[in-house]
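Work through the exercises below with the structure open beside you, trying each task before you read its solution.

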Amino acid sequence: MKTDTDDMVTAESGGSSIVKHKPLFSLDSKYLLCPCGNIIKVFSISTGYCYRRLCGHSLDVTSVQNHPKNKLQVLSSSLDGNVNIWDYEDGVLLSSIKFNHPLTAIFCHKMFPCMGFVVQKQDESFELVKFSLDKSLSEEEESDMPNQVIAKSLPKDVNNRFAFSGNFMAVAFHRKAVVYKELYTLKPKKKCKKVVLDVCFDQDPNITCIASHPIEAIVATGHYNGEIRVWYNIFENTPIMNKQHWHSLEVLSLSFTPRGSSLLSGGHECVLVQWSDEKKHFLPRLGSPISRITVANDNTLYACCHADNSITIISSYFTIKQTFEGFAAANSDLSCGFQYDKRSDACVTNGKPGHLLFYHAATDTQLYNLDVIGQNFISSADLEMPLSQTKICKIAFSTSNRYVMATMEFNTENKCDQKLKFWDFNESEQQWGLNTVVSSPHSNEVVTSLNFHPQENMCASTSKDGTCKIWYLDESKWICDSCITHRGEPCHNASFSEDGSMLALAFGSSVLLCDPQKPDELMLLMSQSETIRSLEFGRKSCSHHLMVLAANLQCWNILSGTLSWSNDSQDSKMLVADNFSSNMALFTKSNSVFIFSPDQNLPKFAYDLEFQPVAACFVPSSTGCASWGNGSQIYMISDKMTVHTFAAKNQPKDKENTVLTSQSDAVNPVSSILSSKTADVEDKNVENLSIQPKTKQEALSFMFETPTHILPPMKTICQQFISTLLLNGTGTKPDTVATKDLREHSLDEPTSDVMETENGEYKLSVKPEELRPDDFEFLVPVLGDLFVNK
């Protein structure tokens, strides 16, 4: 059978870390630019949304810096060996400077606008290279202006071991710090002058991070035991060292403020510490260890990168202003798997510790993290002996009309704190609410599966304690209806048939079938020597098939009770069913995936993955890129916490550099005109431009809230603005007929209340004596503040 292997490739659709590399504030402190895989995400500080994605690198972006010449441009380095120059507000790649080796960092300073530095990987060594920002892209000119290598054998970890400041750079090794000076004034073919600071002595702890003062010759180093050492007069013969100690664990990040008046530090304690004039200020309980700290150019904002792939924006007054969350999957051990929630149209998996992550895979958007366990993160006193924590081990969503979620939490190390929780979704409050809590439902033994009945308010939980418990909704609470056991063997999995008439249970090496309403009547389907790891009922036309995954994969016909087919491979690892078609996905230990239907013994699609998948999920999709995926699309999580899917070869892997409009951005006449890509600035009429019906108060508010320096000429928007004020209705939900008429109405056509005169101008057709004071109440909330105390 022909497959689509030759026409399909895997594409990274999202999920990369936004904290792996140090982020960058724009010079106006309106945006935060974060390297995320091979793209750069531009977050808006005010709204919290991803404003734009900059796509142009083929491999991971390692660093972003403000252009020393142009305030609206940034520079980015990548492992593909290119330095790209971006206009980040317009999302335009202006130019690119090519290097012959992977780049791990880029540095530049406004005092020297024509020069820059990159750290490149040469074989197994890392070098600091000086280059010209005005360098031509042509190969002839590039060969005439070779790059200048000024330092070799540098550390691999660029983020916390390099500190660039003006005309010198400090580099932290494990036991010493090396300061390279006179970088910009260094002549070609001359060695860079350096100063070696013996930071660590015989019994001193190793260096973990470093920071340099932006103005003076001062360097600060963080150490493994929590000490911070500040070195003054580093270019003198005898530098002065001042030791500070507050952190109980290693210092992960250091950063000076732009004027050097204070020093910021962070570590495993989840506390941001500000050192200033021998005083300390603290911002505790930030939720996760602080790995990197970035300070805005105007010293008004701080960005703390956390280990859970989130960034907290903190004001200079130590108040939390904004939080950006990336794909916050906890680790490669995703015990909850990757499951689809039809209510939110999101995939759900383990998020931050004690949380569930609701993630929209198609748009690479993290919707929210749901706190299930309700416990604060506690850092360990010893990094080699981390504290045991209660984790979410299983989740399930009801597919019936009632929105119900079941979670199982358990402390697997201490075998305690086992709880089964049932959640209801509150439509009015738009949030999940706890309905029932069951303590130790399976005697503190490992729970292997959690499944809802497809039509009834019923749930089945299985465990290694040898039981399968059936839970059902009794009035308003969930209770245990029955308990199924079989010869004292552990129950590894369970699966409901598509119509809910049958429940399949895997007890050790046997598969038993029963009616969920009559669980006492068990029927033995098969028994073998290998332990059964997973089983799944077929969907749609294959609902009478049962897939059993043990040492190999077997397909059983439930109607006849016979084995339909089996494969000979002993490499099977994970089986995922598609709830929207008859397809299933089989993943092997050798990182291969097979898409097949249970009624056929040959796969529809086979592909060798370049990554190790740890979880996968099918989501509904109307734009399937393959013949087998017309009704759904599969998304896979790799062991590096990146999300992948399949795409056609001719389809570009990177997303277009377009503005990502958030759902909270309302449409108004001004924004409609500004966001139109085809509108001519000199054209006075904007044809065929439809707007959503808005109240008069909303129309005025948007006009006065728009900055004047970005407004189009008044002659261009005057008519459209007046037409908006004459829209009928003051409610937020106009009637169907009015809504239809308004959506069909064009802005350049006068409304029924506007009359065109002979000279081409417009005036109101309403007589002055017909106007009432109530007609102008909409102006009071908008213009009221203008006349206060006047």
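**Exercise 1. A charge over a ring**

Find the rings that have the charged end of a side chain over them, and give the distances.

Solution. Begin with phenylalanine 173: lysine 176 lies over the face of this ring, at 5.7 Å from the ring centre. Then turn to phenylalanine 425, where the charged end of arginine 343 sits over the ring, 3.6 Å from its centre. Both distances can be set against the cut-off used here, which asks for the charged atom to be within 6 Å of the ring centre. Bear in mind throughout that this is a predicted model.

**Exercise 2. The chain as a whole**

Describe the chain by its secondary structure, its burial, its contacts and its exposed surface.

Solution. The secondary structure comes to seven helices and 58 strands. The chain has 790 residues, and buried residues make up 52% of them. For the contacts, consider those between residues at least 6 apart in sequence: 45% of these join residues at least 24 apart. Finally, the chain exposes about 38500 Å², of which carbon and sulfur atoms supply 48%.

**Exercise 3. Strand 4 and its neighbours**

Determine with which strands strand 4 pairs, and whether its faces are covered or open.

Solution. Take the pairing with strand 3 (residues 31-36) to start with: strand 3 and strand 4 run in the antiparallel sense over six bridges, and one of the positions to look for is leucine 32, whose bridge partner in strand 4 is phenylalanine 43. The hairpin of strand 3 and strand 4 has two residues between the strands, and in this hairpin glycine 37 takes a positive phi near 65°.

Next comes strand 5 (residues 50-55), which pairs with strand 4 in the antiparallel sense over five bridges; here valine 42 stands opposite arginine 52 of strand 5. The hairpin of strand 4 and strand 5 has five residues between the strands, and glycine 48 takes a positive phi near 85° in it.

For the faces, recall that in a regular strand the side chains alternate between the two faces of the sheet. In strand 4, Ile39, Lys41 and Phe43 are on one side and Ile40, Val42 and Ser44 on the other, and all of them are buried, which leaves both faces covered. Since six of the six residues of strand 4 (residues 39-44) are buried, the strand is largely enclosed by the rest of the structure.

**Exercise 4. Two open sheets**

Give the strand order of the two open sheets that contain strand 14 and strand 1, and name the edge strands of each.

Solution. The sheet with strand 14 is an open one of four strands in the order 14-15-16-17, with antiparallel pairing. Strand 14 and strand 17 (193-197) stand at its edges, each with a single partner strand, so one side of each is left without a neighbour in the sheet. From one strand to the next the twist averages 15°. Within this sheet, strand 16 (residues 177-181) pairs with strand 17 over five bridges, and valine 179 stands opposite valine 195.

The sheet with strand 1 is likewise an open sheet of four strands, with the order 1-56-55-54 and antiparallel pairing. Its edge strands are strand 1 (8-14) and strand 54 (613-620), each of which pairs on one side only. Here the twist averages 35° from one strand to the next. Strand 55 (residues 632-638) and strand 56 (residues 643-648) pair over three bridges, and the bridge partner of methionine 636 in strand 56 is histidine 644.

**Exercise 5. Aromatic pairs**

Classify the pair of phenylalanine 107 and phenylalanine 164 and the pair of phenylalanine 358 and phenylalanine 397.

Solution. The count of aromatic pairs comes to 24. Phenylalanine 107 and phenylalanine 164 are 5.6 Å apart, centre to centre, with 25° between the planes, and this pair is stacked. Phenylalanine 107 lies in strand 10 (residues 103-107) and phenylalanine 164 in strand 14 (residues 162-165), so the pair ties together parts that are 57 residues apart in sequence. Both residues are buried.

In the second pair, the ring centres of phenylalanine 358 and phenylalanine 397 are 6.3 Å apart and the planes stand at 80°, so the pair is edge-to-face. Because phenylalanine 358 lies in strand 32 (residues 355-360) and phenylalanine 397 in strand 34 (residues 391-397), the pair ties together parts that are 39 residues apart in sequence. Phenylalanine 358 and phenylalanine 397 are both buried, and ring pairs link them with Tyr368, Phe425 and Trp432 into a cluster.

Methods:
Residues are numbered from 1 along each chain as its sequence is written. This is a predicted model: local features need pLDDT of at least 70, side-chain atom pairs count only at pLDDT 80 or more; totals for chains, interfaces and linings use all residues. Side-chain values use heavy atoms; hydrogens and water are left out. Buried means under 20% relative accessible area, exposed over 50%, partly exposed in between (1.4 Å probe, protein chains only). Two strands pair if DSSP finds at least two bridges between them. Rings of Phe, Tyr and Trp (its six-membered ring) pair if their centres lie within 6.5 Å; planes under 30 degrees apart count as stacked, over 60 as edge-to-face and the rest as tilted. A charge sits over a ring if NZ of Lys or CZ of Arg is within 6 Å of the ring centre and within 35 degrees of the ring normal. Axes are lines fitted to C-alpha atoms, for helices over the stretch in contact, and angles run from 0 to 180 degrees between N-to-C directions. Contact means heavy atoms within 4.5 Å. Accessible areas come from the Shrake-Rupley method with a 1.4 Å probe; for residues, only the protein chains shown count as cover.
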